[in-house]
Protein chains: 2
Amino acid sequence: MDYVAEFEKKGKLAKGAAKKMAITGTKEKNNALTAMAEALLERQAEILAANEQDMVKGKANGLGQSLLDRLLLTPGRIADMAEGLRQIAALPDPVGEGLGSWLHPKGMRISKIRVPLGVIGIIYEARPNVTVDAAGLCLKSGNAVLLRGGSEAIQANLAITKVLTEAATRAGLPAGAIQLIETTDRQAVQLMLKGNKYLDVLIPRGGAGLIKTVVENATVPVIETGTGNCHVYVDEDADLAKARQIVLNAKCQRPGVCNAMETLLVHEKVAEEFLPPMLDALHQAGVELRGCAASRALYDGCAVATEEDWATEYLDLIMAVKIVRDIDEAIEHIARYGTGHSEAIITESYGRARKFSAEIDAAAVYVNVSTRFTDGFEFGFGAEIGISTQKLHARGPMGLAELTSIKYVVTGDGQIRG
Amino acid sequence: MDYVAEFEKKGKLAKGAAKKMAITGTKEKNNALTAMAEALLERQAEILAANEQDMVKGKANGLGQSLLDRLLLTPGRIADMAEGLRQIAALPDPVGEGLGSWLHPKGMRISKIRVPLGVIGIIYEARPNVTVDAAGLCLKSGNAVLLRGGSEAIQANLAITKVLTEAATRAGLPAGAIQLIETTDRQAVQLMLKGNKYLDVLIPRGGAGLIKTVVENATVPVIETGTGNCHVYVDEDADLAKARQIVLNAKCQRPGVCNAMETLLVHEKVAEEFLPPMLDALHQAGVELRGCAASRALYDGCAVATEEDWATEYLDLIMAVKIVRDIDEAIEHIARYGTGHSEAIITESYGRARKFSAEIDAAAVYVNVSTRFTDGFEFGFGAEIGISTQKLHARGPMGLAELTSIKYVVTGDGQIRG
């Protein structure tokens, strides 16, 4: 089947499935999610064999070690995927939630009700676990999902989708509720980007390049996820012991994720006391340091930070450091270089805690807390489909509620206007 | 100034103004809105003179009567615009509203807080009152606004923007909070569509052509507004007296607006009793009728409805009519041809009222109520910037809350992850 025919067929089927999913009950959806989890475990041999084909091809094509690691499935990783589905089944169903109702002066009741978005397109890269996560979250929130994973993971994605769809339809969900675009041709992605006829929203999950392509070319509404150039600002009134713990945690606990700190900003009044031992500890932890002139004067092992460093999301054990005159310079630096993801201040000053919280424009603003907490699980949403860095529709960790829209139902007895 | 330089200059200024607007208090914003209302009245001679230039040019260019009417300003219309600003001043401020807060198991508090979107771009057509409405709503919700009106109304828009910005800055709002793109060249719109560097969201207000252009070409997130191919379905258990009132109201009270009915669907069991007098009444009210074969058999003055009629938003005294077998056919027809705006069922059947409410996928679903109520004022939002027909971010009438985003503020005392 060519990619145009594939998209038309699957788009149409998804649209029909979305209509049925919207009125599928919580119990049916949860039963399907549980059945999907069981099927993943029961049929893991198929999935592992398919993944092995991807791995062989990936090695032959010279994929790097970190990409191969993301691609790799193991019985443990499949068990995690199944456990993820069970957790989604255990979450409250967002669909049908009443978000307020009121009486119009003429007597009819206006009710605002949470409904599914419809058909969600997910465009992602190497990690096959996204196939399971995304399918689970989209189904629980009453949507149909059209998946398009990276070509490196195509065999695993095909196997996983087969297992999931068979389990879901056997459990009573409509055919077409979960579908994978099988064409690995890039033109298949182009069709999704312009597929307003079938898709209600697109969520790209992956690196900056993928997200940029989607944002710049899609006519379907997009939820932008991911890029996090996050800062920790150590204020003149910081508790320096807390600051040290938080900086180490924000930079080193998991440097490859979007909520890790990339640049440390330090007030000049505490720089001399705080920075040398702090930078030494980071150096001991394997962090490569790049600093402003003033930081470099305080610590030898610090390379020169360039303009580019301030703007870089390293996603690695590399950190930029800058000494600032005051909180205003810190806020200005963050406004200029930050990506609106997660920003922290360490201070015991009530006034500056308030000021930073009010003036920083980011999805999550932290006072005396590590930036590492920006995450659907940590925020109590139970799961997440990504972290939105745009302001429209969703901002910050996106749970099930962010995969829904609303509808107004107005009930009366003959009211007319005028 | 060329259009690139203009956009760069105004974009940058808007971005700076947005930062200040986000932390401007309610009282300051309300004082500015009141001052803007007063200035419109005091300086109406300037505005009317500028509008006169547009009118002269429009007549010379052969603009149609309805376009000229939309372009025209009068002392009464300026008074309405001023009154609109006063009403916006009287609405509650959405910014800063707490949308819930909870404790993380480690003890820090996570608070979800309503914040402005940032810089809102409004692209609109002939009516100069949009300049005032949009500016008022965007400012009250703590945003900066970049306006781009139609070239036909450029003199009035320039005069209005001058009056508003002077009043706003005198009242203490930051320079750049309200700006108008003065270049009437279409390429200036292209810059806005791709202006992600400065704009957080674009809202097009105008005809289907404008909205399509914006949706298809923008990389800035768009809120799609407007198109309403709305239906009224008269069920077999309808109270036919109510049905008659509602149909007349939905079609005739103001046919040129998006929430007016375009197609009437009637259950075959009541068609013979209901349709002939109903269609006669519509005919008497000046409505041109286009029907399916079965409707035409019941009423002489009905032309043939083509496939195109079912899909058309007439925005005029024209109506399509179709007799359906049952509620499922009605729901299917609406799913196929509707635009997800406003859909009504007239029925005394509890079960079918529930079914229609649940299965129709539209911003507003009505039971025994005219579709004409889909409107920010009628829904109690006090004002509206448009009616969203997309599912992302906002759906249905958009009030002040729909011009905001959220931010999470997390306050703790040294919490780290892991």
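Colleague: Which residue stands opposite Val369(A) in this model?

Modeller: In this predicted model, Val369(A) faces Gln415(B), which belongs to β16(B). The strands concerned are β13(A) and β16 of chain B, residues 404–415, and they pair in the parallel sense over five bridges.

Colleague: How many residues of each chain enter the contact, and which elements supply them on the side of chain A?

Modeller: The size of an interface is often given as the accessible area lost when the parts come together. Here the description rests on residues instead, with 59 from chain A and 59 from chain B taking part. On the side of chain A that touches chain B, two or more residues come from each of α1 (3–22), α9 (208–217), α10 (240–252), α15 (350–359), β13 (364–369) and β16 (404–415), and the largest share, 11 residues, is given by β16(A). Sorted by class, that side of chain A holds 27 nonpolar, 19 polar and 13 charged residues.

Colleague: What turn and shift lay chain A on chain B?

Modeller: A turn of 180° with a shift of 0.0 Å along the axis superposes them at an RMSD of 0.0 Å, and the two copies are therefore related as by a two-fold rotation axis. Within chain A, the C-alpha nearest that axis belongs to His393(A), at 1.8 Å from it. Both copies use the same surface, since 100% of the contact residues of chain A recur in chain B.

Colleague: Into which domains is chain A divided, and how far apart do their C-alpha centres lie?

Modeller: Domain 1 of chain A comprises 3–224 + 394–411, while domain 2 covers 230–373, and the C-alpha centres of these two domains are 36 Å apart.

Definitions and conventions. Residues are numbered from 1 along each chain as its sequence is written. Chains are lettered from A and ligands numbered from 1 in the order in which they are written. This is a predicted model: local features need pLDDT of at least 70, side-chain atom pairs count only at pLDDT 80 or more; totals for chains, interfaces and linings use all residues. Domain bounds come from an automatic or database domain assignment. Two residues are in contact if their C-beta atoms, placed from the backbone, lie within 7 Å. Helices (H or I, at least four residues) and strands (E, at least two) are DSSP runs, numbered from the N terminus. Ala, Val, Leu, Ile, Met, Phe, Trp, Tyr, Cys and Pro count as nonpolar, Asp, Glu, Lys and Arg as charged, and the others, Gly among them, as polar. Two strands pair if DSSP finds at least two bridges between them. Copies are superposed by least squares on the C-alpha atoms of residues with pLDDT of at least 70 in both.
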